[in-house]
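Please open the model in the viewer and keep a selection tool at hand. The tour proceeds by successive selections.

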Amino acid sequence: MPTGIEGLDEMISGGFPRGRVILVIGGPGCGKTILAAQFLYKGISEHNENAVFVSLDETRNNFYEEMLKFGWDFKKAEDEGKFVFVDATRLSRLAIIKEKMLKEETSSLRGKQLQVDKLVEELHAKMKQINAKRVALDTLAALFYRFMDPIERRTAGIDLIEALSDLGATTLVTTELSDLGLERKLSEEEFLVHGVIMMQTLYFGGTTTRSFQVEKMRGVSINSNLVPYSIDKSGIEIFPTMSVFREK
Ligand SMILES: Nc1ncnc2c1ncn2[C@@H]1O[C@H](COP(=O)(O)OP(=O)(O)OP(=O)(O)O)[C@@H](O)[C@H]1O
Ligand SMILES: [Mg+2]
C-alpha cells in the first residue's frame, strides 16, 4: 500500500504490507501525528482509500486545524463520507489527571479493559460504515497512563494491537520512545506488529538531526539505514539515499 510519505515507499519495496499493523515509535514533536495523518490523507486523496483516525491525544477541532496547515482538509473528507475521526481523548493521560484531581475513583482493571474493548468496537463500526482501508491510532502511549502496573500495561497494549490486526485495515499505531539514543530494549509490542518505524532527533556535533529508520517490515526487503527526514509545509519527507552520519 503506497504510504503517501515522500521517500518511504522506496525503503520498503513499494509500500506497507496491506492489512497489517505498523508501529511508529518516536519522541515528543518527532512528527508521529503528522506521519499518521499524511498516510491517511494521501490514501483518501490519491488512492481512493477511506480512512479512520483514532485520537487519544488531540481533539477533533485541534486536529483538523493543525492538519489544514499542510493543506489536508479532513473536515471536507469527513463531509464526503471518506473519513471518520474517533475522539478517544476520554482515555488519554489528561483525562486521567483530571479524574485524579477530582478524586474520582480510578476504575478497576476490568473497567479499564472494557473501555479499550469499547473503543475497538467503535472503531470497527466506523470502519464498516465507510469501508475504511487505512486506520491510524495516535497514540498508544496516551492509553498507557491508564494502566499504572507494567504487566497490566503490556497486556492492554498487546490486546489492543491484536484487536487492531483482526480488523483487516492497514493500521499505523504511534507510540512514544521509552529511551533516547540508539540502544534500547525491544518491547513486546514490537515483536507483535508487522512493521516498526523509528523517528527520533539525534544530537551530535552541536546540531540536531531528525532521523528515520525502518526497523522491520515483515515479508518485504527494507533499507534499514538511519536516514534523515524533514517536516515542512507539505508534510514529512524522507531522504533514503542520505545518511544521518556526516562523513568527516
Ligand atoms: N510547517 C511546518 N514546518 C516545519 N516543521 C513543522 C511544521 N509544522 C509542524 N512542524 C514540526 O512538527 C512537529 C510536530 O509534529 P507532530 O505533532 O506530528 O509530532 P508528534 O510526534 O505527534 O508530537 P507529540 O509527541 O507532541 O504528539 C514539531 O516539532 C514541529 O517542529
Ligand atoms: Mg502527536
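The stops below concern first a ligand site and then a helix.

The coordinates belong to a predicted model. Begin by selecting ligand 1 together with the residues around it: the shell comprises 14 residues, and the closest are Gly 29, Lys 32, Thr 33, Ile 34 and Ile 231. Colouring this shell by residue class shows five nonpolar, four polar and five charged residues.

Next, display the polar contacts of the ligand. The side chain of Thr 33 places a polar atom 2.7 Å from an oxygen atom of ligand 1. At Cys 30, select the backbone, where an N or O atom lies 3.2 Å from a ligand oxygen atom. Then turn to Arg 210, whose side chain has an N or O atom 3.4 Å from an oxygen atom of ligand 1. A surface calculation gives 650 Å² exposed for ligand 1 taken alone, of which the protein buries 60%.

Now switch to a cartoon view. Helix H1 (32-47) and strand S8 (227-232) each provide at least two residues of the ligand shell. H1 is the greatest contributor, with three residues.

Finally, select helix H2, residues 60-68, in which Phe 63, Tyr 64 and Met 67 are buried. These three lie on the same side of H2, because they cover an arc of only 95° around the axis. Rotate to the other side of H2 to find Asn 61 and Glu 65, both exposed. To see what the buried residues of H2 pack against, add H1, strand S2 (51-55), helix H3 (74-79) and strand S3 (83-87) to the selection. H1 thus appears at both stops: in the shell around ligand 1 and in the packing against H2.

Note on methods:
Residues are numbered from 1 along each chain as its sequence is written. Chains are lettered from A and ligands numbered from 1 in the order in which they are written. This is a predicted model: local features need pLDDT of at least 70, side-chain atom pairs count only at pLDDT 80 or more; totals for chains, interfaces and linings use all residues. Side-chain values use heavy atoms; hydrogens and water are left out. A residue is near a molecule or strand if one of its heavy atoms lies within 4 Å of it. A polar contact is a pair of N or O atoms within 3.5 Å; within protein, one must be able to donate a hydrogen and the other to accept it, and residues adjacent in sequence count only if both atoms are side-chain atoms. Accessible areas come from the Shrake-Rupley method with a 1.4 Å probe; for residues, only the protein chains shown count as cover. Helices (H or I, at least four residues) and strands (E, at least two) are DSSP runs, numbered from the N terminus. Ala, Val, Leu, Ile, Met, Phe, Trp, Tyr, Cys and Pro count as nonpolar, Asp, Glu, Lys and Arg as charged, and the others, Gly among them, as polar. Buried means under 20% relative accessible area, exposed over 50%, partly exposed in between (1.4 Å probe, protein chains only). The arc is that of the directions from the helix axis to the C-beta atoms. Contact means heavy atoms within 4.5 Å.
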